Amino acid sequence: CNIYQLKTGLLKCGFYDVFEVAQGADITATNEAKEFIERTEKGDKFMTTSCCAGYNNLVDKHLNEIKPFRSDTKTPLYYTAEIVKQKYPDAISVFVSPCVAKKSEALKNENIDYVMNYEELGALFVANKIEVSELEETKFEIEASKEGRNFGILGGVAKSVEAASQNKVEIKPHIINGINKETIKELKGYAKKGECENGNLIEVMCCEGGCVGGNDCINTVRTATKSINEFTKDSKPIV
């Protein structure tokens, strides 16, 4: 099935409307690009991304030394929820995610009421006897960009920020593929030195492979990445 059939399935389950979180990812990428340019112009040597809820929890609880280098930009969830509440102020909002850390993020965001993982979503479809792959497609009012839709793939966030920066500054991405003892030590080293010899924009993904490797995913990283690349190949560019 594709995301448009998924929207149809959610509407059949009783949801009033469905928004693509990649719409919020476009805002995150645009804001991070602006912030990166501003930080670079004032002399900062590097900046880390801030879209991974698990990474944000790690920084706030155990890795405070990297906090000055972490982007202040909010996550795609944050901006998407803001869009939803602006259009439907009284809505009960449910965020569907492969990420357990999004549950803790939602507790800090008054625009999010519930978080549902993919297993729970699948159970909802089974209970309603809905076979998503057999449904017609329902398009989104606003279609997200190719870059925004690739946020969940390793390297996708960095590429989105690069595209949104429109070459106004040189971006050298460095990717942290999964949080473990080695990558935490690596980040601590960058914080101590105040620079990263491997690049100036550090994309941090707690899950190996990106969000497609999230602990609530029901597909393999390889298959999910291939599906997303196939879906996004004809999507519009972010700028």
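Tutor: Let's start with a definition: buried means under 20% relative accessible area, exposed means over 50%, and partly exposed is in between (1.4 Å probe, protein chains only). This is a predicted model, where local features need pLDDT of at least 70, side-chain atom pairs count only at pLDDT 80 or more, and totals for chains, interfaces and linings use all residues. Residues are numbered from 1 along each chain as its sequence is written, and side-chain values use heavy atoms, with hydrogens and water left out.

Student: Why is Y88 called partly exposed?

Tutor: Y88 has 21% relative accessibility, and partly exposed lies between the 20% and 50% cut-offs, so Y88 counts as partly exposed.

Student: And what makes Y16 count as exposed?

Tutor: Its relative accessibility is 70%. Exposed asks for over 50%, so Y16 counts as exposed.

Student: Why is the pair of Y4 and F140 called tilted?

Tutor: Rings of Phe, Tyr and Trp (its six-membered ring) pair if their centres lie within 6.5 Å; planes under 30 degrees apart count as stacked, over 60 as edge-to-face and the rest as tilted. The centres of Y4 and F140 are 5.8 Å apart and their planes are at 50 degrees, so the pair is tilted.

Student: What makes the pair of Y16 and Y88 edge-to-face?

Tutor: Here the centres are 5.4 Å apart, with 90 degrees between the planes of Y16 and Y88. Edge-to-face needs over 60, so this pair is edge-to-face.

Student: How do you know that the charged end of K139 sits over the ring of Y4?

Tutor: The rule wants NZ of Lys or CZ of Arg within 6 Å of the ring centre and within 35 degrees of the ring normal. The charged end of K139 is 3.7 Å from the centre of the Y4 ring, and it sits over that ring.
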